[in-house]
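Me: I would like to go through this structure and ask where its labels come from. Please set each value against its definition.

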Amino acid sequence: MNGAQALLRTLAGCGVTVCFANPGTSEMYFVAGLDDTPDLRGVLCLYEGVATGAADGFGRMTGRPAAVLLHLGPGLANGLANLHNARRAGTPLLAVIGDHASYHKRYDAPLESDIDALAGAVSGWVRHPARPEDVGADTADAIAAAMTPPGQVATLILPADVSWSEGGAPAPPAPVRAATPVPGDAIDSAAAVLRSGEPCVLMLGGAGLWRPGLEAASRIAEATSARLLGETFPARMERGAGIPAVSRLAYLAEFAAGQMEGARHLILAGARPPVTFFAYPALASSMVPAGCDVHVLATPSDDVAGALAALADLVAPDTKPVPQQPERPAVPDGELTAPGVAAVIGALLPEGAIVSDEANTSGIWLPGATAGAPPHDWLTLTGGAIGQGLPVATGAALACPGRPVLALEGDGSAMYTISALWSHAREQLDITTVVFSNRRYAILDMELGRMTAGAGEAARSLLDLSRPAIDFTALATGMGVPASRTATVTEFAAQLRTALAEPGPHLIEAVVPVPW
Ligand SMILES: Cc1ncc(C[n+]2csc(CCOP(=O)(O)OP(=O)(O)O)c2C)c(N)n1
């Protein structure tokens with residue numbers, strides 16, 4: 001058995017079922033080995049940022065790593081932005097980077113580059129198997145490393161000669177570390193803060209935004225009148241009818257300040273201390289109000305749900321969680337707008353849907369409009385690097401066959417990784433993509449206005465996507481995804497109904513004005 005075969009058999013034996021791949025010559029032995037590894041499905045992605053984002057979506061939904069196969073430093077570099085988002089999400093993910101044969105590296109062939117520098121930027125764990133004999137154990141270690149709570153990017157850099165040389169053997173799974181239990185005194189001191197009678201915010205992140213954590217947090221809020229908030233950009237949040245509703249901290253610091261106002265204590269459960277997305281000349285970077293003490297109940301690598309449940313048992317032993325009531329918005333008629341799209345999505349969102357939200361300024365109304373829809377999962381732009389939404393939808397759909405996936409995309413963001421649509425078609429994934437076609441980088445219009453005295457024509461032109469207008473229906477149909485375009489609410493509702501009813505991928509280009 002060669003090194004590549006040992007790698008593939010170890011992956012399959014450790015329960016890795018999908019490999020999102022964009023290979024090159026240095027990975028040909030891995031590619032060849034797929035025929036002998038029927039339990040590992042290779043999914044071709046036409047750009048590395050699609051492969052890495054898809055692996056992120058898969059890991060967010062399953063808690064298990066998908067593999068991603070990339071071609072040397074340049075392939076890794078193309079996939080880096082979505083690996084960054086995966087790192088911020090705490091997603092378990094295994095990156096396999098093919099490298100030149102060890103003896104070839106000193107010749108400085110054209111694709112030679114500093115793979116370690118690139119991998120180090122996003123990986124919590126990096127290893128280079130030096131011999132085929134090492135590959136099995138290194139792969140098993142990589143999978144266990146990827147699953148170290150809450151999850152991280154683990155990278156194996158595999159020289160071509162280690163791939164093709166004989167001597168490999170598969171290794172059994174390596175033990176995975178469990179989430180760290182939160183010590184009793186951290187729970188006691190959070191309870192003391194909650195009982196102080198002083199205004200408290202309990203901020204939830206990571207696993208704290210899944211149903212058990214939300215239910216425990218709801219009990220705590222009911223019994224103590226602590227205010228609940230979710231982190232601004234969660235990796236995965238469970239929400240909808242029957243699940244306690246929690247608002248997320250706003251992206252705009254001005255709104256977030258209102259949500260945090262008056263807090264004397266901030267208790268963190270799986271969330272980081274809140275900071276502004278960017279620095280602004282006249283704003284503080286920290287969103288913790290002056291005079292507010294920060295208490296860490298659980299870090300993202302701790303047992304967040306367990307800590308919340310223990311805290312609820314202390315301060316709210318007889319209190320039940322308060323579930324969100326079922327509620328659907330009325331669908332307006334007339335010209336299509338971002339709030340109109342949100343209302344239609346809120347009215348039609350199917351039970352068990354997975355929403356990959358990269359709608360940016362057009363998405364402001366989505367949380368409100370979908371709050372009382374049947375239970376669903378919401379995946380957000382964890383690391384702020386756009387081009388995540390379509391790939392994450394790809395991985396989520398492969399992770400959860402049978403569940404409908406919605407990718408809600410700003411037009412600018414959709415273009416970064418538009419070739420994900422081809423993988424949606426090729427794999428016949430049940431993904432409905434809605435592109436909010438406002439034909440601008442609207443959020444940057446807003447930021448330009450906030451940061452500068454006034455922008456001229458040249459500046460505004462740099463944020464304009466209307467010349468030429470992008471025909472998303474042509475792009476989608478050209479890649480095998482049935483598509484339609486509309487500028488009215490009634491048509492949009494009809495198109496969304498059809499897209500949700502028919503299996504396989506669809507795209508709807510929703511022509512909307514910038515929301516202001
Ligand atoms: C990788 C990356 N490149 C650039 C940016 C800067 N950026 C933030 S939002 C944005 C435009 C988003 O446009 P669109 O998706 O159409 O949403 P809209 O702002 O119109 O709502 C850009 C370029 C970024 N966040 N990430």
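Reply: What follows is a short run of questions and answers on the protein chain and one of its residues.

Reply: This is a predicted model, in which local features need pLDDT of at least 70, side-chain atom pairs count only at pLDDT 80 or more, and totals for chains, interfaces and linings use all residues. Residues are numbered from 1 along each chain as its sequence is written, and side-chain values use heavy atoms, with hydrogens and water left out.

Me: How many helices and strands are there in the protein chain?

Reply: The protein chain has 20 helices and 17 strands. Helices are DSSP runs of H or I with at least four residues, and strands are runs of E with at least two, numbered from the N terminus.

Me: Why is the protein chain called as compact as a globular protein of that length?

Reply: The globule rule is 2.2 Å times the number of residues to the power 0.38, and the radius of gyration is taken over C-alpha atoms. For 516 residues the rule gives 24 Å, and the radius of gyration of the protein chain is 24 Å, close to that value, so the description applies.

Me: Why does Pro513 count as partly exposed?

Reply: Buried means under 20% relative accessible area, exposed over 50%, and partly exposed in between (1.4 Å probe, protein chains only). Pro513 has 46% relative accessibility, so it counts as partly exposed.

Me: Where does Pro513 lie, and which residues does Pro513 touch?

Reply: Pro513 is in the segment after strand S17 (506-511). Leaving aside residues up to four places away in sequence, Pro513 touches Leu336, Thr337 and Asn438, where contact means heavy atoms within 4.5 Å.
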